[in-house]
Amino acid sequence: MTQEHLVMGVDIGGTGIKAAVVDVVHGTVVSERIRIITPRPARPRPVYKVIRELQRRLGWQGAVGCGFPGLVKGGLVHRAPNLDPAWNGHDLVQDLQRWLGTEKVGVGNDADAAGLAEMKFGAGRGRGGTVVMVTLGTGIGCAMFREGVLIPDTELGHIEINGQDAEEGASNAARERHGWNWRKWGRKVDRYLERLQYYLGVDLFIVGGGACKKWDKFSSALTTVSVPVVPAHMENLAGIVGAALWIPQQAMQVSQEPAPNKPAP
């Protein structure tokens, strides 16, 4: 499978690294979905070995898109709070090109990737205004869109609520760590979304991550937010599909750059 519309999507998470081959035209996964536990410590070399093993199991030799849990600019990792400080300064694009043997590599934030997938193929399709996708997992990821255009690299999971990082109360990991029931945790998520709505003028929230599988258990606690809050349609596949979209997304960004001015004759 080497057709132009097929890309291997890789979703690097704090607990697991997932991959599958994605049809980026239709937003569908066309191979098995494989998951390998994130190595500990989650430093670059062990993580790259896992991604190469995923590539081997899928028998893939084409383009690769990667969703990374941190800030990546120009291919360089600036922070990876849920992996390891050793990532800082690594050129993620060049490293993946070398490890996977392909020049076609696209990278970006994992929450932004999931948001791209939901906006193109899922719960945000055709929606205007300000849409924020929130992924509730090991941490809190956010992807913000204005009139369908991604505003990248937001770290809205780290806003303070009552003097505490929002991740400490509203992430799925926090729920598990404290042993909260779903409704108690849902009220903390509600408070977090209400704060984002106030700051950003949000018109629609999309909730993704592993917790969205239990939507019926906590959604009734989301009573303070006054705009629609819906579960992600693509559930855990959003991260993989969105990661694959970094290939066409970055190609589109390049094509939209203004052409250099030609010298006057």
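## Exercises on salt bridges and overall fold

Glu155 and Arg79 form a salt bridge, with their closest N and O atoms 3.6 Å apart. The model is predicted.

**Exercise 1.** Where in the chain do Glu155 and Arg79 lie, and how many residues apart are they?

*Solution.*
- Place Glu155: it sits in the loop between S11 and S12.
- Place Arg79: it belongs to strand S7, residues 76-79.
- Count along the chain: the two are 76 residues apart, so the pair links distant parts of the chain.
- Check exposure. Glu155 has 26% relative accessibility and counts as partly exposed. Arg79, at 35%, is partly exposed.

**Exercise 2.** Find the elements that the salt bridge between Asp153 and Lys73 links.

*Solution.*
- Start with the contact: the side chains meet at 3.3 Å, N to O.
- Asp153 is in the loop between strand S11 (149-151) and strand S12 (160-161).
- Lys73 is in strand S6 (residues 71-73).
- The separation is 80 residues, and distant parts of the chain are linked.
- Asp153 has a relative accessibility of 23%; buried means under 20%, so Asp153 counts as partly exposed.
- Lys73 is partly exposed, with a relative accessible area of 46%.

**Exercise 3.** Which helix holds both Glu53 and Arg57, and how many residues apart are they?

*Solution.*
- The salt bridge between these side chains is 2.9 Å, N to O.
- Both residues lie in helix H1, residues 44-58.
- They are 4 residues apart, about one turn of the helix.
- Glu53 has a relative accessible area of 24% and Arg57 has 43%. Exposed means over 50% and buried under 20%, so each is partly exposed.
- Widen the view: Glu53, Arg56 and Arg57 are linked in a network of salt bridges.
- For the whole protein, the count comes to 10 salt bridges.

**Exercise 4.** What radius of gyration would a compact globule of 265 residues have, and what does the protein have?

*Solution.*
- The expected value for a compact globule is near 18 Å.
- The protein has 18 Å, which agrees.
- Add the extents: the C-alpha trace spans about 55 × 50 × 35 Å along its principal axes.
- Add the burial: 55% of the 265 residues are buried.
- Add the contacts: among those with a separation of 6 or more, 63% join residues 24 or more positions apart.
- Add the secondary structure: the protein has 8 helices and 15 strands.

**Exercise 5.** How many Å apart are the mean positions of the positive and negative charges?

*Solution.*
- Count the charges: 30 are positive and 26 are negative.
- Their mean positions lie 5 Å apart.
- Turn to the surface: about 12500 Å² is accessible, and carbon and sulfur atoms own 49% of it.

Technical notes:
Residues numbered from 1 in each chain as written. Predicted model: local features only at pLDDT ≥ 70, side-chain atom pairs only at ≥ 80, totals over all residues. Heavy atoms only, no water. Rg over C-alpha atoms; globule rule 2.2 N^0.38 Å. Buried < 20%, exposed > 50% of the residue type's maximum accessible area, 1.4 Å probe, protein only. Contact = heavy atoms within 4.5 Å. Areas by Shrake-Rupley, 256 points an atom, 1.4 Å probe, with all protein chains shown as cover. Lys, Arg positive; Asp, Glu negative; His and termini not counted. Charge placed at Lys NZ, Arg CZ, Asp CG, Glu CD. Salt bridge = Lys/Arg side-chain N within 4 Å of Asp/Glu carboxyl O.
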